[in-house]
Amino acid sequence: MIPLSRNDFFGPQAIAIMGGLTVATVLTVFFLPALYAAWFRVERADAKTPSLTGIG
């Protein structure tokens, strides 16, 4: 998309796509896991608590 952003015809579309991909990535990586943890009240696992899988 970066090479297309210099083009007069495809430039605005390329910038809009890059912005959308950036926002979607930030939401997926940071916002959705935090929303899931808050919604389902996920708690942090302590190092003292044995894991349920038996690994580690």
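**Close-up views of a one-helix model**

**View 1. Phe-9 and its ring partner.** Phe-9 counts as exposed because its relative accessibility is 66%; exposed means over 50% relative accessible area, buried under 20% and partly exposed in between, with a 1.4 Å probe and protein chains only. This is a predicted model, in which local features need pLDDT of at least 70 and side-chain atom pairs count only at pLDDT 80 or more, while totals for chains, interfaces and linings use all residues. Residues are numbered from 1 along each chain as its sequence is written, and side-chain values use heavy atoms, leaving out hydrogens and water. Rings of Phe, Tyr and Trp (its six-membered ring) pair if their centres lie within 6.5 Å; planes under 30 degrees apart are called stacked, over 60 edge-to-face and the rest tilted. By this rule there are two aromatic pairs. In one of them, Phe-9 meets Phe-10 edge-to-face, at 4.8 Å centre to centre and 85° between the planes. Phe-10 is partly exposed, since its relative accessible area is 36%.

**View 2. Tyr-36 and Phe-40, a tilted pair.** The ring centres of Tyr-36 and Phe-40 are 4.8 Å apart and their planes lie at 50°, so the pair is tilted. Tyr-36, at 47% relative accessibility, counts as partly exposed, whereas Phe-40, at 52% relative accessible area, is exposed.

**View 3. Helix H1 and its kink.** The protein has one helix and zero strands; helices (H or I, at least four residues) and strands (E, at least two) are DSSP runs, numbered from the N terminus. Helix H1 covers residues 11-39, and at 1.5 Å a residue its 29 residues should span 42 Å, which agrees with the 40 Å between its end C-alpha atoms. The expected span is 1.5 Å times one less than the number of residues. H1 has a kink of about 40° centred on Thr-28, where the bend is the angle between axes fitted to the seven residues ending at a residue and the seven starting there.

**View 4. Arg-41, just past the helix.** Arg-41 follows H1 and has a positive phi, near 50°, in a residue other than glycine. At 71% relative accessibility, Arg-41 counts as exposed.

**View 5. Met-1, in the segment before H1.** Now look at the other side of the helix in the sequence. Met-1 has 43% relative accessibility and therefore counts as partly exposed.

**View 6. The whole protein.** Buried residues make up 4% of the 56 residues. The accessible surface comes to about 5500 Å², and 68% of this belongs to carbon and sulfur atoms; such areas come from the Shrake-Rupley method with a 1.4 Å probe, and for residues only the protein chains shown count as cover.
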